[in-house]
Amino acid sequence: MDIRIVQVSDIDEAEVASVFDECWQDTEPSVMMHGPQGYRRVTGWLDIEPKASAVAYSEDRPVGVVLIGLREPDRGYVASLAVNPSFRGEGCGRRLMQWGLARTRAWGCRKVGLHVFEENKRALSLYRSLGFGPVRRIGHWEGNIKCKPSNTLTFTHPGIEEAFSLTGRPDRPPLWENEPRSLMNLKDNVVCVMAWKHGEPFGYMIYSTRSLCWVLDLNVRNGASPEEATELIFQLPTARFLPAVFTTVPEGGENERLVRCLGLRQDRTRVEMELRLSQDTVS
Ligand SMILES: CC(C)(COP(=O)(O)OP(=O)(O)OC[C@H]1O[C@@H](n2cnc3c(N)ncnc32)[C@H](O)[C@@H]1OP(=O)(O)O)[C@@H](O)C(=O)NCCC(=O)NCCS
């Protein structure tokens, strides 16, 4: 298949949104953009760099898309890669990745990261063959929670930066896979709840109300009991009325212990992968 790659900054936003939706509708319809407004929201949210992101054309038909974000000055992130179902298996995904990685390296990045669902064998094998290696596994958890009220905690709603200044920035990654900088990009859709115990900051929770209530980060003092963590999570508006919660946590850490205690169930697992860019890895 003859493939032409065009960076997204040279393409109409509506066209990128439309090819993105065609490519994702069979596997993850929940990520579809539904027009230019959705395109702007998603690309702003994920810090997408339009000069490192592209659409693949076969003849004049758009058939695939890669969106790459820049996290830190020297770190790129493949936020999305997908090919139209009728054009898969013909080298388009590989070409888009090679183009994106070359751009990211030209940008000065030394590392590129991504997340892929464990069951997505096709994508996993593509990433492995490009030199990506696994870094950690991240569980997706969801379920209902029950709260037994107690009087030990009180709650306020500061901004994210204020919460960090009270508790200290977390020394581990947030529950969600992106850095706090990206959490703040969510702006209007993000709420922070701060928990206090005996007048001292006890922890915070950051959540998004974009689709279902999604806990992006939960940071409580070491040794917090499940009841106390539940009290904090119960501050979610959905937890009060429809106590369904969704969150993602790295396997094996303190947060996993908490979500397990909360009675959430793990349904899927994502693998975080990373590639160190060098002269040889991308050509
Ligand atoms: C993953 C995806 C982007 C790959 O694009 P593609 O154009 O089909 O892939 P390519 O034809 O370039 O193949 C690249 C590699 O993928 C792997 N691959 C392709 N088809 C495969 C299949 N049927 N089974 C297993 N591996 C396969 C191979 O490693 C292949 O390398 P090779 O050509 O040296 O054999 C595409 O399948 C897709 O859009 N899937 C749905 C969206 C998605 O899951 N995106 C990834 C999210 S992390």
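## Helix α4 and the ligand shell

In α4 (121-129), the buried residues (under 20% relative accessible area, 1.4 Å probe, protein chains only) pack against β4, α3, β5 and β12 (265-276), with contact taken as heavy atoms within 4.5 Å. Helices here are DSSP runs of H or I with at least four residues, strands are runs of E with at least two, and both are numbered from the N terminus. A quick word on the source: this is a predicted model, where local features need pLDDT of at least 70, side-chain atom pairs count only at pLDDT 80 or more, and totals for chains, interfaces and linings use all residues. Residues are numbered from 1 along each chain as its sequence is written, and side-chain values use heavy atoms, with hydrogens and water left out.

So which residues of α4 are buried? They are A123, L124, L126 and Y127. These four sit on the same side of α4, because they cover an arc of only 160 degrees around the axis, going by the directions from the helix axis to the C-beta atoms. On the face turned away from that buried side, you'll find K121, R122 and R128, which are exposed (over 50% relative accessible area). Just after α4, G131 takes a positive phi of about 105 degrees.

Now for the ligand. It is surrounded by 20 residues (a heavy atom within 4 Å), and the closest are L81, V83, G91, N120 and S125. By class, the shell has nine nonpolar, seven polar and four charged residues; Ala, Val, Leu, Ile, Met, Phe, Trp, Tyr, Cys and Pro count as nonpolar, Asp, Glu, Lys and Arg as charged, and the others, Gly among them, as polar.

Here are polar contacts to the ligand, meaning pairs of N or O atoms within 3.5 Å:

| Protein atom | Ligand atom | Distance |
|---|---|---|
| E90, backbone N or O | oxygen | 3.1 Å |
| G91, backbone N or O | oxygen | 2.7 Å |
| R94, polar side-chain atom | oxygen | 2.8 Å |

Taken alone, the ligand exposes 930 Å², and the protein buries 72% of that (Shrake-Rupley method, 1.4 Å probe). Two or more residues of the shell come from each of β4 (75-83), α3 (92-106), β5 (111-117) and α4 (121-129). Of these, α4 gives the most, with five residues.

One last residue to look at is H140, found in strand β6 (residues 133-144). H140 is buried, at 7% relative accessible area. Leaving aside neighbours within four places in sequence, H140 is in contact with several residues, including F117, F246 and R265.

Technical notes: Polar contact = N/O pair within 3.5 Å; in protein donor to acceptor, adjacent residues only side chain to side chain.
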